[in-house]
Amino acid sequence: MKFTKTHEWVESDGNIATVGVTNYAQSQLGDIVYVELPKVGMKVNAGVEAAVLESTKAAADVYSPVSGIITEVNKELTEKAELVNTSAEKSGWLFKVRLENFSELDAMMNETDYKSKNSV
Amino acid sequence: MSKTIFEKSEKGQHAYSLPKNDEEFKMFLPDDRFIRKTDISLPEISEINLTRHFNEMAKRNMGIDNTFYPLGSCTMKFNPRVNELVASFDGFTKCHPLAPAQSVQGNLEIIHELICLLSEITGFCAGTLLPNAGAQGEFVGIRMIAEYHKKLSHFEKTEIIIPDNAHGTNPATAKMAGYSIVSVRTNELGDIDLDHLKSLVSEKTAGLMLTNPNTLGLFSKVILEISKIIHSHGGLLYYDGANLNAILKFVSIESMGFDVMHINLHKTFSTPHGGGGPGSGPVLCNDKLKSFLPVPRVIMKDGKYTLINDDKDSIGKIASFHGNFGIYLRAYLYIKLHGHYGLYRIAEQAVLNANYLKKRISNLFTIPFPQHCMHEFVVQADNYLDKGIRALDIAKRLLDYGVHAPTVYFPLIIKECLLIEPTESESKVTLDQFVEALENIVQEIKENPEIVRNAPHTKPVTRLDETLAAKNPVLHA
Amino acid sequence: MDFISNQEIQNKEMLKVIGVSDVQELFVDIPEILKLKKPSIDDGMSEYEGIRLMQSLAKKNSYSEFDNYLGAGAYEHHVPAIISSICSKAEFLTAYTPYQPEASQGMLQIIFEFQSAICALTGMDVSNASLYDGASGCAEALLMSLRINKDRNKVLIADNLHPNYKAVIEQYLCNHKTKIEWIPSLADGSLDINKIEELADDQTAALLVQYPNFFGGIDDILPLNQKLKSLSVLTIVSANPMVYGLYKNADELQADIAVGDCQPFGLSLQFGGPYVGYIACKQELLRQLPGRIVGETVDTNGKRGFVLTLQAREQHIRREKATSSICTNQALAALATLIGIVWYGKNGVREIALTNYKRASYLKTNLNKIPGIKSVSQQHFFNEFVVKFDCPIEKVLKIFRENNIEPGLYLKPYFPASNQHLLVAVTETKSLSDLNRYLAIAKGLI
């Protein structure tokens, strides 16, 4: 797993990367009530807003850490937005991207570095 | 549990009465093709039950007329009833907005005069009353700035600078008007960080939006320098008049270097908040911008008032008709009753009341900005976090003490903040009672924090599940 | 006069506590060069004098004594007496926005009921807490549909929309790269439906129509729906809500978004405002609705309560990414229209709408019988229609006004070709004898 400064995580399997927000991020946002996900087939660029997490008091932009095409979104979140709170780094994943540029992953933090900077 | 008016429906009952249909009207029936076929699921309710329902609703609400309402940024001053009286005169309420000018000279005179009065008060030379609220006033002002730049072919000007502690309508409005937002930092003194501002301003800067005093209740000591920096790059300065109550008649807004501003009649000029509206957001401006003002405009010609509906430089229309005319009546009378003399007293008293309160509660909270404040001030309740108590809890407990809570968590940049604005209306006794309530709550935090954490206890409901409301929205009966 | 409580004695005590000797010391942060002088003469007035002043200004309005036949987006209806007594209650008039829900259950429930009433009338699934007016409602609906159909760059708008509404729409959309295609009207003022068929494509975000249209006619847009739905074009209907008492509602018209102005229910003319805009839509579009929304929930004891909800869309949270910059809603004015709507209630809204239709039909039909006068708008209408006069319009207006009647809106300033035409509105406020008086004067013109 790799991490960004803006609290997203990426896990790649071949050329498909799964993206979500970190446990730290969800703890800051409060109860997530709604997730706005990108459309499948949409092109995303690294560092550009791809999804929005809404709580009752805040709305947070999720920036895609990688560039590519959206291949899948986590449909479970439509009914169960709270998965982002209860399992941010596993079943609360947001979307999957077919990678264009593997070097983008190299620039990110590993788990130890990220967690040393951001503890819940 | 409270029932909705829909749940109080009783079959066949009704409140209405209608003029009877004369024989001559009976033959006219609409074509069946267009007739509504579905049921209208409105309640059937008699007038006595309708009346009791809304009276019950009133019991579950609170207003300035009932309690102290120190909401920072809102200016909850007394709403004089004489304003309500005159706004109900038939001579005003029965006028159609498209009535010919010669038949509504009284209304046109009020519009014309109110703009003159507001211009005098703020130091500007022209204005419009048309925006229906402060946010719409901001939109009009920024649109005027945009047209000004367009006329001069300043196409590179694509950015508006906004302080990080600004009210949310500022960036939302600038975006709607087509600009990108650049955020400037506030320093530890609560003022604009001039160095940061200098680094942000460029040939792309169309303007800066500013509230002064700012949303922390502090007057920017560097306002004249800010004006120089922005103007030297060809930008214009927009004044958000939300905090005008602090410097009303004390300072000319125009002389601070602003080019255009909006006023909130429902804040500074006492028109009622009505539970969330209607408001009114007149815009005043200097010579540079006056040709861009929206239409219709009222002018005096050959001794009569008349309307201009078209003007080549005008940004066009912003309202269906003349804006919230009923609100102008109230603001106009308020200004005439005070005169310039009475208006001058307002700022003095508002600032005095605020500083008194601040001094009296300074031992209860963290005071991020120790200097004298203007009409409102910020305190932080972060010193109670170790007891598990947040600003929100204190706000809720105040409701049990019969006071409406101050503004909480605005501005966003101050942690656990309460923004308190007493206004000039309040007597010292009321202020002292508020202090006593806070002192009691602080005592409770020490001895029995649970009672604060679970407040309020004496209202029709306890704390509401806002997560549920957002996750599974139920938005109608 | 002023409304300040504290006087010299209290102020002295407060200054002492603060630790300054003069209130001017509290203003030291303001550069001297900016400070204005204190006025030396008291130019205020007493409450009595203020009332006299306003009475004299009201007297300068001769219009209040006229029989009003003007409509065009602002309609004279009976305002139930109960409205002013409820709306003047302190707990509503002087309350703030319900951000502290425990202290504002009254207002929150009222807004919830307003939302419900709008859904009942329009047939839509969800409504917001109101907007400024009908014109900004149309603009917000278009912006909403451009957010939803975000890759599209065109909107179709009926040219027979209210001219002021068109101008406000252009104001709000001026920065959008969106192209506005105005759908022309036919000779009788009706919408050219064929043109819509022609122009609607996969680049069209929305179609906006007015119902009844500016000329008072009912345009039948149902035949278009299949094509529009297949292209995912959103249909927006801007309507006088009273029309839904009689005619097909927005849902039956298969609209996606319903907007308009609630003024006809419970608000007097007031020279143009405050009025109350409404916006309502189908369930799936909910999250793009601008403005405040109230929702139902429960408190810690499971008791029903109401809160402002879905606030993450709004300006105070989303700031520049908000669905709209709107902060206020028309609250107190919305309360007035809610009372107006439920005063009529389930059966009454149909009755009042029908009464309007009948009286307008009577005038229209009988004007048409007078030589030299012809009704030229559509056959199917609600309570407003266009009449053409053969004799010079200046004479028409002069004679009627001499009889204290404003006979209708002269259309030439809005539509130069309509230089002999008046737009006439008739509501339940016009009795048979009023209408016969109008007819008698009309007969005497020729």
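Here are some short exercises, each with a worked solution, on a predicted model of a complex.

**Exercise 1. Find how many residues of chain B are in contact with chain C, and which helix of chain B gives the most to that side.**

Let's start with the counts: 166 residues of chain B are in contact with 163 residues of chain C. Next, look for the helix. Helix α9 of chain B, residues 325-361, gives the most to the side that touches chain C, with 21 residues. Finally, sort that side of chain B by class: 82 residues are nonpolar, 52 are polar and 32 are charged.

**Exercise 2. Do the same for the side of chain A that touches chain B.**

Here 5 residues of chain A are in contact with 4 residues of chain B. The residues on the chain A side divide into 3 nonpolar, 1 polar and 1 charged.

**Exercise 3. Decide whether the radius of gyration of chain B agrees with that of a compact globule.**

Begin with the length, which is 477 residues. A compact globule with that many residues would have a radius of gyration near 23 Å. Chain B has 25 Å, so the value agrees. To fill in the picture, the C-alpha trace of chain B spans about 80 × 65 × 45 Å along its principal axes. Chain B holds 13 helices and 12 strands, and 58% of its residues count as buried.

**Exercise 4. Locate a cis peptide bond in chain B and another in chain C.**

A reminder first: most peptide bonds are trans. In chain B, the bond from Asn212(B) to Pro213(B) is cis, with omega near 0°. Pro213(B) sits in the loop between β4 (205-210) and α8 (223-232). Turning to chain C, a cis bond joins Tyr211(C) and Pro212(C), with omega about -5°. Pro212(C) belongs to the loop between β5 (204-211) and α9 (225-230).

**Exercise 5. Work out whether Ser153(B) is buried or exposed, and then whether Ser130(C) is buried or exposed.**

Both serines have a positive phi: near 60° for Ser153(B) and near 110° for Ser130(C). Now place them. Ser153(B) is in the loop between α5 (134-151) and β2 (159-163) of chain B, while Ser130(C) lies in the loop between β2 (126-127) and α6 (134-148) of chain C.

The last step is to count neighbours. Ser153(B) has 8 other C-beta atoms within 10 Å; exposed means 12 or fewer, so Ser153(B) is exposed. Ser130(C) has 32 other C-beta atoms within 10 Å; buried means 20 or more, so Ser130(C) is buried.

Note on methods: Residues are numbered from 1 along each chain as its sequence is written. Chains are lettered from A and ligands numbered from 1 in the order in which they are written. This is a predicted model: local features need pLDDT of at least 70, side-chain atom pairs count only at pLDDT 80 or more; totals for chains, interfaces and linings use all residues. Two residues are in contact if their C-beta atoms, placed from the backbone, lie within 7 Å. Helices (H or I, at least four residues) and strands (E, at least two) are DSSP runs, numbered from the N terminus. Ala, Val, Leu, Ile, Met, Phe, Trp, Tyr, Cys and Pro count as nonpolar, Asp, Glu, Lys and Arg as charged, and the others, Gly among them, as polar. The radius of gyration is taken over C-alpha atoms; the globule rule is 2.2 Å times the number of residues to the power 0.38.
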